[in-house]
Amino acid sequence: MTCKRTLAIGRFCLLLTIASLILPSAGMADSLAEHHIKISFDLGEHKIFGTVDAIFPRSVKAVTVGRGLRITKFLINGKNGTPKIIDNRLALPPHREAIKIQMEYEGIFSNKEGGNLENIIGDEGAFLLSDWYPAGETELARFSLQAIIPKDFQAVSEADDITTEDMGSNKLIRFDFSHPVANIHFIMASYLIEKDHQGGVKVETYLLPDDQNLARRYLDASKKYLEMYEKMLGPYPFKRFAVVENILPTGYGMPTFTLLGRQVLKLPFIPETSLGHEILHSWFGNSVYVDYSKGNWSEGLTTYLADQYYAQMRGDGWQYRKGLIEDYESYVHGKNEIAIQDFISGDNRALRAVGYGKTAMFFHMLNNRVGERVFTESLRELVVKDRFRLTSWRNIEAIFSEKAAKDLRWFFEFWLEHKGAMEIRADKIRLTQSSDGYVLEFTMGVKNSPMPVFIPLVIHSQDKEEKKILSLSKERQSFSLPIKDVAREIVVDPDYDLFRTLSPTERRAVLSRLLGDPTRSVVLPEKNQEIYEPLIQELDNRGFKKLTAQEVDHKILAHRSLLFLGDHPKYEFILPRTAEKASGFSLVITKNKFNPNLVVGLAVGEDSEEVQGVINKLFHYGKYSKLVFSGGRNVVKETEKSERGIQLEVGAPVRGIPTTSILSVPEIVSRVADKTIVYVGEKHDQYGDHLLQLEMVRDLHRRYPKLAIGMEMFQRRYQNALDEYISGAVNTQTFLKKSHYLDTWRFNYHLYEDILQYAREQKIPVIALNQENELVSKVATQGLAKLTPEEKAHIPAEMDLNDKAYKERLQGVFEMHQSDFPGDTALQDFEYFYEAQILWDETMAETIANFLKDRPAFHLVVLAGSGHLAYGSGIPKRAYRRIAKDYTIVLPDPGELPNPGMADFIVFPNKLEAPEEAKLGVVLDTSGERFEVVDLVMGGGAQKAGVKKGDILVAVNHIKVNDLDDIRTCLATKYVGDTVEIQVLRDEEVLEFEVELGSSRP
């Protein structure tokens, strides 16, 4: 039988006299509210009895009465009053001066079902955390507390000094705390107290007898943290610190003590992790107070200076920060995302990922931006200047700006107000050789970040690494870095110093990705479902959609993150392998083979007891990919490996081969610079070939300012469009439309973009070399003889069809693609094909000759397909026949052993992917005058932005869509990840959307 303790005493003796209060002067009417509280208990009845003598300044308009409390006596300035409580709120009469309130109250706090679990009174003691006394509605106030408790109990509250007075079977304990606080707490139990000190600070543990063996460990750990943070931030703000055990699973930090749950306290890692976090709150949160009306900065700062800092001291800081980003990507999705400044408290994973994780990353970026010294000095200033004051983000910004001697408002405003993470991408990577080493060139793009932004990267060579920090002042910027050795790899942000999205190869298949995915679903077992029922119920509570194995099809596999329970032989092709049929419970997470942005898990339990044993533990292991439990105890926890940082392959520098030696491109240029014409070949869709061409153009232009570029890609009739573009008279979109590039050449414009941009910047003339497509096509199908006199006026007068070697090579190419034509038909078709090829070559040769005749002082770089240049048969010899100018031929890797005479130099460009063609993510009906959206790419930018089927596309980037070219030419200049503004007509209303462009690849 449980013995009831009764501590109820005459309530009249608890009422303090007005004379005992410290009265404010008339001039202090708006000073802090004063609360003088005295309490006693009937533990068996779960009751509290108390008095509150208060002085409220005129700013206090009401008293909050906690749920479960009853006011039994109420005096205003010594006169009886009738309290009218509405929604736990007692309105005060208007008062221009300080008002004196006396209240007696009682309340019941039981741990029975439906009770307030933050407040419990019983035989084990009292644990009072919220709304256990009536208090004035004010942000900060002063409190004094007296409590009558059983003689064999100990009690804790906010206090710098605690004194005890013997009362026979009870004792009166007084808590003196001179600092303003928002509220106070009270904890009482049959604690055993152990004491120590750290400098002038009393360090104590209040532990229940069964856990007294933990006291020394917590005392030593507390002393360590106090010493560490005093060195970092300055003196501890109070006179004492205590670790207090709670019967509930809490982890709270209050001024002068931390309250740790019984089970939490026993976890072996708490003294090395959470304890330091709570002690740090003594500086931030419990002495420098948070102005919650303007956002909670304290949890993120404490996470950064505690949890992240400990990992950094272990050498694992980068892993911890990566984990913060992983949690954010796992749990934060569009609808549940908030900005940092909107975070108040976090009771779910998504809120904590912002308020703790993203905010910690903000302070890390701030630290890197202002420097360690300024960062620490700013924190020390914050601790001194704002101690026991409500502090907002704006206060913090002002201190850091002052200490850094720079205006940081833009940095604070961006990260506090904007949602999401920055996105970093790099492309156009190439390595060239210079006279004293190498030059690494690439383009870096950043979205969703303030400018400038500083990007750390590491350049890896075979034997060493070079660390650099790039400063980007715009969203997309090109870099040219001189380096000493051959670079093999660039790693961007390897230490996760930036709050950014992870690249696909950095993302790990971990449990948190499954738990946070909005599509999360559980596939029920095909047999023995009763074993998994407790887990199925818990998954249902956590928002998992339940599916049977029969309901799972390829569409579901590709669009959901799935957890399979039990054996599913039908889906072995997609499922990860669990532990080798070990007893207990195992869970393995892997990437979804149908969609790498999703994950698939397999959980297998030996029996219902093993499954039941993990219910309350499994979901705390979010950062792991493989888990094994036995008897409810974790025995295996592993996380799959992934790349560290955004890893970008560089490849070897481009080199050329004359006959006996290997040369760099600059050396090749030096050998060909005396030639009037330099022909540089290409495979049209190979980005590396075009980067080689750009390098040749640049090097030759440095030698010869009077340089022109001849390009096969443009037809002669559109020369005026090229001239306008190079001169700067029109923009890229207009140029593409006027030159009909997307109709006549059709290859991804990004392949040639760098070359044309360089020519435009340097005002290098670009010559359109090619013949009209309609003429070439007609000759290919009908022959030269079928051209009309008008058509023949557009072709060269000289047409040499007698190069037998060239004809034989072309016939091999033709037959490779035309082997389905029998006998004489194949020969006739080839003759037309050959005539068309010669028309092509002779037109370009004639254009080259005419240009050089008109401008004899110029040198010319000709960019054309390798088939037009090899052995000189196509263009080079035909141009030489006309003007007898020296030339040289440079071809990219032909993919076969080069034959003598094929070229003067063979070069080997890197195999690189060009920037992708960007897509809106819509399918349009272009058959009529209006461009109707008839379908949307699933998950594409247009669908995400809100575009619907049936919408009529009327403008892109505020340019009216008159024809398909208006859309195509706009998109041709954009990159995947860029955004465009589109206007659509829907139900006779014009709507505007910002669409993020997606990939053209499946």
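This passage describes how several helices pack in a predicted model.

Helices α4 and α6 form one pair. Helix α4 spans residues 298–313, and helix α6 spans residues 349–370. Their axes come within 7 Å and cross at roughly 75°. Angles of 65 to 115 degrees count as roughly perpendicular, and α4 and α6 are therefore roughly perpendicular to each other. On the α4 side, the contact involves E299, G300, L301, T303, Y304 and Q308. These residues meet G355, Y356, T359, A360, F363, H364 and N367 of α6. By class, the contact of α4 with α6 holds 5 nonpolar, 7 polar and 1 charged residues.

Helices α15 and α19 form another pair. Helix α15 covers residues 687–703, and α19 covers 750–762. The two pack at an angle of about 15°, and their axes lie 8 Å apart. Angles under 35 degrees count as roughly parallel, so α15 and α19 are roughly parallel to each other. Their crossing is right-handed. From α15, the contact draws on Y687, H690, L691, Q693, L694, V697, R698 and H701. From α19, it draws on H750, L751, Y752, D754, I755, Y758 and Q762. Sorted by class, the contact of α15 with α19 has 8 nonpolar, 5 polar and 2 charged residues.

Helix α19 also helps to cover buried residues of α16 and of α17. Helix α16 runs over residues 719–727. Its buried residues are Q719, A721, L722, E724, Y725 and I726. The elements that cover them include β41, α17, α19 and β42 (766–770). Just after α16 comes G728, with a positive phi of about 90°.

Helix α17 takes up residues 732–739. Which of its residues are buried? They are Q733, F735, L736 and S739. Seen down the axis of α17, these buried residues fall within an arc of 160°, so they line one face of the helix. A general rule of helix geometry is useful here. An α-helix has 3.6 residues a turn, so residues three or four places apart point the same way. The cover over the buried residues of α17 includes the strands β41 (707–715) and β50 (959–960). It also includes the helices α16, α18 (741–744), α19 and α26 (964–972). Thus α16 is among the elements covering α17, and α17 is among those covering α16. Strand β41 appears in the cover of α16 and in that of α17. After α17 comes H740, whose phi is positive, near 55°.

Note on methods:
Residues numbered from 1 in each chain as written. Predicted model: local features only at pLDDT ≥ 70, side-chain atom pairs only at ≥ 80, totals over all residues. Heavy atoms only, no water. Axes fitted to C-alpha atoms, helices over the stretch in contact; angles between N-to-C directions. Helix = DSSP H or I, 4+ residues; strand = E, 2+ residues; numbered from the N terminus. Parallel < 35°, antiparallel > 145°, perpendicular 65-115°, else oblique. Contact = heavy atoms within 4.5 Å. Nonpolar A, V, L, I, M, F, W, Y, C, P; charged D, E, K, R; others polar. Buried < 20%, exposed > 50% of the residue type's maximum accessible area, 1.4 Å probe, protein only. Arc of directions from axis to C-beta. Left-handed = near helix turned anticlockwise from the far one by under 90°.
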